[in-house]
Amino acid sequence: MDDFDKQYAEAVERGRIAAEIEPRAAAARYDRRKRRVVVELTNGCLFAFPVSLSGDLRNATHEQSAAVEVFPGGYGLHWEELDVDLSVPGLFVGAFGPERWIAQYAGAMGRVGGKASTEAKAVAARANGRKGGRPRKIPDVA
């Protein structure tokens, strides 16, 4: 397999994994009564956001808001007349907090997972202990 074929296969695999774990829109509609966009995700979940939270949609008419389209692949939402595009993963970041909060949450989840006790971890810890344990940190001397 030449270098191009290898890179292509790796890119296809990354795309497959992203499609499984990142939020993707299957459909979208405008709820006129509640003035919000409702997005059905490919995993069956629903996500909705008020148009007032999007500066580009805030002053749109009901008819303009209702003209929402889903990008092929479900990566984004598009309003042709308004020339507005919104990223589906970006909507989640905006709704569930800034990147810093998400990074802190992910770090906390990693710490919880790191506390899990398994036989494999115990074996590794014993082997590391026989080698003298974790190396000591050497303080920076300026």
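Which residues form a nonpolar patch on the surface? In this predicted model, the patch is made by Phe4, Tyr8 and Val12, which together have about 350 Å² of accessible area. If you would like to find the patch, start with Phe4, which sits in helix H1, residues 3-21. Phe4 counts as exposed because its relative accessibility is 57%, and the cut-off for that label is over 50%.

Let's stay with helix H1 for a moment. Glu13 and Arg16 both belong to this helix and lie three residues apart, about one turn. Side chains of opposite charge can pair when their charged atoms come close. Here, Glu13 and Arg16 form a salt bridge in which the closest N and O atoms are 2.5 Å apart. Glu13 counts as partly exposed, with 35% relative accessibility, and Arg16 is also partly exposed, at 40%.

That salt bridge is one of three in the structure. For another, turn to Arg36 and Asp31, whose closest N and O atoms are 3.7 Å apart. Asp31 has a relative accessible area of 14% and is therefore buried, since buried means under 20%. Its partner Arg36 is partly exposed, with a relative accessible area of 27%.

A further salt bridge joins the side chains of Arg32 and Glu63, at 3.5 Å from N to O. Arg32 lies in the loop between E1 and E2, while Glu63 is in helix H2 (residues 62-66), so this pair ties together parts that are 31 residues apart in sequence. Glu63 is exposed, its relative accessible area being 53%.

Now for the interior. The largest nonpolar core has 17 residues, and those with the most contacts inside it are Val37, Val39, Phe49, Leu57, Leu77, Trp79 and Leu86. Several elements each supply at least two residues of this core: strands E1 (25-31), E2 (36-41), E3 (46-50), E5 (76-79) and E6 (84-87), along with helix H3 (88-96).

Leu57 makes a good place to look around within that core. Leaving aside residues up to four places away in sequence, Leu57 touches Arg35, Phe49, Val51, Trp79, Leu82, Val84 and Leu86. Among these neighbours, Phe49, Trp79 and Leu86 are, with Leu57 itself, on the list of residues with the most contacts inside the core.

Terms used. Residues numbered from 1 in each chain as written. Predicted model: local features only at pLDDT ≥ 70, side-chain atom pairs only at ≥ 80, totals over all residues. Heavy atoms only, no water. Core = buried A, V, L, I, M, F, W, Y, C linked by side-chain atoms within 4.5 Å. Buried < 20%, exposed > 50% of the residue type's maximum accessible area, 1.4 Å probe, protein only. Helix = DSSP H or I, 4+ residues; strand = E, 2+ residues; numbered from the N terminus. Contact = heavy atoms within 4.5 Å. Patch = residues over 30% accessible without salt bridge, like charges linked within 9 Å, V, L, I, M, F, W, Y side chains within 5 Å. Areas by Shrake-Rupley, 256 points an atom, 1.4 Å probe, with all protein chains shown as cover. Salt bridge = Lys/Arg side-chain N within 4 Å of Asp/Glu carboxyl O.
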